[in-house]
Amino acid sequence: MTEIEKLDRIAISVKSHKLLKQLLGENPGFEEILRSSKNETEVVVGVREWIEKNLKDRENAFKFYHARHSTRELFEKLEWRDYAIIRMLDYIDHAGIEYPDLNLRGEIAVSNPLRLIWLAVNKGTGGAKPDFFVDMIMLFRQLRGESKQQATSVEQVTGWMDRYPSGLDPRIIQLREENKLRIIRIIIDRIDRGEIKSTRYQFEPHLSDGEKTEKVQRWWEDHQFHLRFAVRSPELLNEMLDFSLDPDTMKILEDAKNAGIPFFVNPYYLSLLHVRVPYFAIGADLAIRHYVLYSKQLVEEFGNIVAWEKEDRVEAGKPNAAGWLLPDGHNIHRRYPEVAILIPDTMGRACGGLCSSCQRMYDFQGGRLNFNLEKLAPSEKWPEKLKRLMQYFEEDSQLRDILITGGDGLMSSDRTLRKLLEEICEMTRRKIKRNESLPDGEKLAEIVRIRIGTRLPVYLPQRITLNLIKVLKEFKEKASKIGIRQFLIQTHFESPMEVTPDSTTAIQRLIAAGWTVTNQLVFTTTASRRGHSAKLRKVLNDIGVLPYYTFTVKGYMENNSSFAPNARVVQEQLEEKVIGQIDEKYYDTIRNFPEEANLMVENIEALRRYANLPFLATDRNVLNLPGVGKSMTFRVIGITRYGRRILEFDHDETRNHSPIIHQMGKMIIIESKSIHEYLKQLEELGERKEDYEGLYGYSLGQTEHRIPVYDYPEYAYQPTSKMTNLEV
């Protein structure tokens, strides 16, 4: 007997029986099909015939269903009932297919919902859980045309947004001053007791308490201070938070420590967490609090975490999953023809703190990443290696965009960063010189965009010093003269509560240096609450930041706690972000924003005013696929007996890819939690389930078109279409 056959013999629970009865009561025609069918095949035939008979006039639904590769234009023509038709037909087409479920360490999952219901009706078995039946009840309501897509107004969305204060609210600023002083007193006490020893940060003899406090206040403005005094243990974390963590949370944190999960939270970021929760901001800090506190699932899975992104696995001399040949080592990562990630062998491999849903937790598990900052200084071999890496960019036919990241692109010292940027300039010069001898159609793509990926304006804004700004400004002036035209800082604000006076100053400095600042939001459970992402977009616009991506949480069961189903990502896009949608008549205006980066605040405000928009929805909602690239083009093709949805993702048809995607086909992702489980989690966070009405119905997604502000500038020549460093 197979494992699937064993599961099919499991009796359903009392709650599942009651939900089954509700499903049948609401759908007497479906019950008749089930009662009269001798097996699941007859059920499938009966349901398909019912759809084709009663819904045959839904032309767009059937056109989308039959399309091998769908388009955004066709997606936008679909009506609410069409989603259900497509999903039911996809359930039928994919019935019985087995998939390895990496949420359950490779256990085989199978989708066969009509069989599960038939078994439940005729034998009381099938093992389907209540969450499965709830999802099916909602599907049939949508199929019958009984449920409706929620129509939200600007007033409703702004009402949700108003629930979340920003870190610029004077009342929040005052609370954080209290937090800061509490943390400073703890640091002073530990230095006095000799528990913390530092040659750089120590007190002269006979200083009064006030003088010590004043001295630490000055240290607070030094980013090195925050790295030196970062919290590395659950005990100190709880003390810094005035012992406000409950016993269950402390147990999870202790287990995390014993499992080998590192802690690294700097004092500044800790000061953003509430200890004395104000009446006007209950739950406002949850999105950042959950970045610091680990989940039970992460602790249980640590040691068994599976790498998510296949193209990041590199073997010397062999192409990665996208087909790109890369230099030896782990310095260059690449998915697309135009852009490659550069990770230096410096402090840039570290971060200003560890995020609980970090995409690189697999590397922490393997020991490749850590917070041993002293060992990350560049070696004598790094300058020589850097030249070799630059040669890769120089000789490649398609690369035009370098993303310096890590770790964190701004953790490197000013000196190291200046040297890196100088090498990029020299490489760009050589590439331009080389092109002079090549005819049109054979010229290589030249470097036109430089990006630095960093969370330090959020995690550690003290790092954005005037000296760093000088380095960035000088590089921009120098690089602009040789043809590099776009200079972007890609940061990661997770919550409007992270927009503080300190982070605002950091952003203002970067903008004054002529760099465009964009934001990547990770759509965690807490960030997915109604209006939260919309409020973040508005607050970021206010300080001159353009939203760039809104990412689904990636990973398997280790990120279950922070995972928001893709249905919610699409709902947020179509019901909340939509109020900031930019009309195409403003595209020429916004396209020029990076050319006037130092006027970003004024230009954003002017466009919002002319277009009458509360914020500019310049971001795209996407998932980093476990294959190659980013996409939000998916269909729900199955559902497990636990109610967890099985999604089939296609590549983003709006951008260039490695030719290997034609061989890879579509990708299957099994979500780590059901919609019902997610809604219960939101209720525990204080949300009203009624506010998310219609969530079950979002079973399709289509990647949005890129806003022109992120287009590459046009070349004055015709570059080659030939791809180098590629082996497919």
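**Rings, a helix and a loop residue**

Student: How many aromatic pairs does a search of the whole structure find?
Tutor: Keep in mind that this is a predicted model. Ring centres have to lie within 6.5 Å to pair. Searching the whole structure on that basis, the count of aromatic pairs comes to 29.

Student: Take Phe-75 and Tyr-83: is that pair stacked, edge-to-face or tilted?
Tutor: Their ring centres sit 6.2 Å apart, and the planes meet at 55°. Under 30 degrees would be stacked and over 60 edge-to-face, with the rest called tilted. The angle is 55°, so Phe-75 and Tyr-83 are tilted.

Student: And is Tyr-83 buried or exposed?
Tutor: Buried means under 20% relative accessible area. Its partner Phe-75 has 3% and is buried. Tyr-83 has a relative accessibility of 3%, so this residue counts as buried.

Student: What is the angle between the planes of Trp-220 and Phe-225?
Tutor: Both of these residues are buried. Their rings are 6.3 Å apart, centre to centre, and the pair is tilted. The angle between the planes is 45°.

Student: Which residues do ring pairs link into a cluster with Trp-220 and Phe-225?
Tutor: You've just met Trp-220 and Phe-225 as an aromatic pair. Ring pairs link these two into a cluster with Tyr-201, Phe-203, Trp-219 and Phe-229.

Student: Which residue lies over the face of Tyr-459?
Tutor: For an Arg, look for CZ within 6 Å of the ring centre and within 35 degrees of the ring normal. Over Tyr-459, the distance to the ring centre is 4.2 Å, and the residue is Arg-455. There's another such case at Tyr-610, 5.4 Å from the ring centre, and there the residue is Arg-609.

Student: How many of the residues of helix H8 are buried?
Tutor: H8 covers residues 113–123, which is 11 residues, and the helix is mostly covered. Among the buried ones are Pro-113, Leu-116, Trp-118 and Val-121. The number buried is eight.

Student: Which residue follows H8?
Tutor: Look just past the end of the helix for a residue with a positive phi, near 70°. That residue is Gly-124.

Student: Where is Asn-112, and which residues is it in contact with, leaving aside neighbours within four places in sequence?
Tutor: Asn-112 sits in the loop between strand S2 (107–110) and H8. At 12% relative accessibility, Asn-112 counts as buried. Setting those sequence neighbours aside, Asn-112 is in contact with Glu-40, Ala-95, Gly-96 and Ile-639.

Methods
Residues are numbered from 1 along each chain as its sequence is written. This is a predicted model: local features need pLDDT of at least 70, side-chain atom pairs count only at pLDDT 80 or more; totals for chains, interfaces and linings use all residues. Side-chain values use heavy atoms; hydrogens and water are left out. Buried means under 20% relative accessible area, exposed over 50%, partly exposed in between (1.4 Å probe, protein chains only). Helices (H or I, at least four residues) and strands (E, at least two) are DSSP runs, numbered from the N terminus. Rings of Phe, Tyr and Trp (its six-membered ring) pair if their centres lie within 6.5 Å; planes under 30 degrees apart count as stacked, over 60 as edge-to-face and the rest as tilted. Contact means heavy atoms within 4.5 Å.
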